[in-house]
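User: Please take a close look at one part of this predicted model. I would like the three-stranded sheet and its salt bridges, then how they sit within the rest of the chain.

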Amino acid sequence: IMPRDKLRTLLENYSKENNIDFSFDNKIEGNINAIQNPINNKYGFFVLTGDNQEEIESAILTLLEPAIKINRDQKLVVTKIHKPLKAKPFSSPNFIELGKPIKLTNSQFKYQKTCSDEFLTNYESSFQIYPILANKSELENYNLKLNIDYFSVDSDNIIFLFNIYFNDILTQQFFQRKKLQTNSGVLQEQAKINMSLLKQGWNKIKIEIRKYPTTDNIPYGLEAIKVKINDTSSLFIPKIVPKVLYPNLEYVKDVAFPFSIYPDLQNTGILITNFKAETIAAAMKIAFILGAKIESPGYYLTTTFNINKILDKDIIIVGEEIPELAPVYSKAPVHFEGNGIKIKKYLKKYDKTVELKEYNNLDNILIVQMYPSIFNPKRMVVEITAKDSKTIYKGVQEGLVPKNMGSMKNDVWFYNVDKKSGVSFQFQKKFLIKNILENYQTDFDQVKYKNIKAF
């Protein structure tokens, strides 16, 4: 990804150094180009370029278009593209919207399974909510509503038992016993489930229907009587003031929060601390992980080496720790110091934070930690670091995958890149943020910190 004039110089010098004939203008005519590596034709170059910044941005946005068609040419010229409008908060299509009934057949309900047998149809699925319902005592005052629409055949000799499971807990049972109309229309039942059972992130729901005869003399044809859940059935979760309990890496692991607040990642900045290939590759991998979690293109993600460009964002720091970012690290529970680490640990019994020093060998350890931003108390920093960039790269590539991230929670995660195992600790005192969006866009201390020296 490079402006056309700089790219021409780079590739022409590359050709001269390797004594090969490379005609730039013939090879790279478009904004998006795929060409063979002239040194080794088993490999290739994928080139995004343009005469100016706008052309390069248009080329990148073209690749993010959901409706992009497969192009078998070696080049593609982008004539015009409309930059998408910025997303609204909490609008990811991957999450359940609060304050609105959502049909159980909608795409927000993942892993949908309809279990049919000769008698009836059951339903189960999983769904995500933003982790903004952290005040359990408050949630006890609210119920979510599961509206079940279903069809059934008319019979006086049968009773249906509905079992409602929420996060594997049997929350409600009720019977439907009334005589059904001939050629029955849609019947309705409503289950009310206390919101305190909601988990911050992934939740599971299951509707199980069982059928029983009401007489000892089982009538002929009973096995033909069926019930089917209709696709108009829905779940409604009340909308309340968002409250978040920080810090918690489980939010990041499960639902990419707080970065997923805006699905286009306009609130997210990835900061690299050096230009080593391993650091840049790790940062790109993290950007990919965010997009995959949110299931939306990160049109407005900012990746930079200058923290002054992202003071108003939730920040992901990737790379070895550097002196220039000392003000930012001041909030971190773990910090490299000399040949060991310094730990700030909150002691609940004494309600105070103490500093500890450990000298363990950390050469093969990736550290992922979450702490408040110095620029805005409602913004968070997720720092991904190690003693060297190779450990960071290996830890991100192999550690930040589902099978190895199971232990990621609390505020600090140590991952051993050799043993491929991790362990978590809670060093900071947790705190509740009420109405997270209020002043969320304000960087309170920007004037104070705007001159942090870029490395």
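Analyst: What follows starts at the sheet, moves to the charged pairs, and then widens to the chain.

The model is predicted. The part in question is an open sheet of three strands in the order 19-20-21, paired antiparallel. Strand 19 (334-337) and strand 21 (352-358) are the edges. Each has a single partner strand, so one side of each is left without a neighbour in the sheet. On average, neighbouring strands here are turned by 25° against each other, direction ignored.

Take the pairing of strand 19 with strand 20 (residues 340-347). Four bridges hold this antiparallel pair. One bridge can be named: Glu 337 has Gly 340 of strand 20 as its partner. On the way from strand 20 to strand 21, the loop contains Asp 351. The phi of Asp 351 is near 50°, a positive value in a residue other than glycine.

Now the charges. Side chains of opposite charge can pair when their charged atoms come close. Glu 337 and Lys 357 meet through their side chains in a salt bridge, 3.6 Å from N to O. Lys 357 is in strand 21 and Glu 337 in strand 19, 20 residues apart. The pair therefore involves the two edge strands of the sheet. Glu 337, Lys 342 and Lys 357 are linked in a network of salt bridges.

How covered are the two ends of the Glu 337 to Lys 357 pair? Lys 357 has a relative accessible area of 34%, so it is partly exposed. Glu 337, at 33%, also counts as partly exposed.

Just after the sheet comes another charged pair. Asp 363 forms a salt bridge with Lys 387, with the closest N and O atoms 3.3 Å apart. Asp 363 lies in the loop between strand 21 and strand 22 (365-372). Lys 387 is in the loop between strand 23 (380-385) and helix 8. The bridge therefore ties together parts that are 24 residues apart in sequence. Both ends are partly exposed: Asp 363 at 42% and Lys 387 at 39%.

Helix 8 covers residues 389-399 and includes Lys 390. Lys 390 is exposed, because its relative accessible area is 59% and the cut-off for exposed is over 50%. Its C-alpha atom is 9.2 Å from that of Ala 277, although the two residues are 113 apart along the chain.

For contrast, consider a salt bridge elsewhere. The whole chain has 14 salt bridges. In one of them, the side chains of Lys 243 and Glu 138 meet at 3.2 Å, N to O. Lys 243 belongs to strand 15 (residues 243-246) and Glu 138 to helix 4 (residues 136-139), so this pair ties together parts 105 residues apart in sequence. Lys 243 counts as buried, because its relative accessibility is 13% and the cut-off is under 20%.

Strand 15 leads into a cis peptide bond. Tyr 246 and Pro 247 are joined by it, with omega about -15°. Pro 247 sits in the loop between strand 15 and helix 5 (249-255). Another cis bond runs from Phe 257 to Pro 258, with omega near 15°. Pro 258 is in the loop between helix 5 and strand 16 (268-272).

Phe 257 also matters for the packing count. The largest nonpolar core has 74 residues, and Phe 127, Ile 237 and Phe 257 touch the most other members. Apart from this core lies another, of 15 residues, including Leu 311, Ile 315, Tyr 371 and Ile 374. Leaving aside neighbours within four places in sequence, the contacts of Ile 237 include Ile 96, Leu 98, Phe 127, Ile 129 and Met 195.

A second antiparallel pairing can be set beside the sheet. Strand 9 (residues 158-166) and strand 10 (residues 169-176) are joined by seven bridges. They form a hairpin with two residues between them. Asn 167 in that turn has a positive phi of about 50°. Tyr 165 has Leu 170 of strand 10 as its bridge partner.

Last, the chain as a whole. It has nine helices and 26 strands. Buried residues make up 46% of its 455 residues. Of the contacts with a separation of 6 or more, 70% are between residues 24 or more positions apart. The chain exposes about 24,000 Å², and carbon and sulfur atoms supply 50% of that area.

Terms used: Residues numbered from 1 in each chain as written. Predicted model: local features only at pLDDT ≥ 70, side-chain atom pairs only at ≥ 80, totals over all residues. Heavy atoms only, no water. Pairing = 2+ DSSP bridges. Core = buried A, V, L, I, M, F, W, Y, C linked by side-chain atoms within 4.5 Å. Buried < 20%, exposed > 50% of the residue type's maximum accessible area, 1.4 Å probe, protein only. Contact = heavy atoms within 4.5 Å. Areas by Shrake-Rupley, 256 points an atom, 1.4 Å probe, with all protein chains shown as cover. Axes fitted to C-alpha atoms, helices over the stretch in contact; angles between N-to-C directions. Salt bridge = Lys/Arg side-chain N within 4 Å of Asp/Glu carboxyl O.
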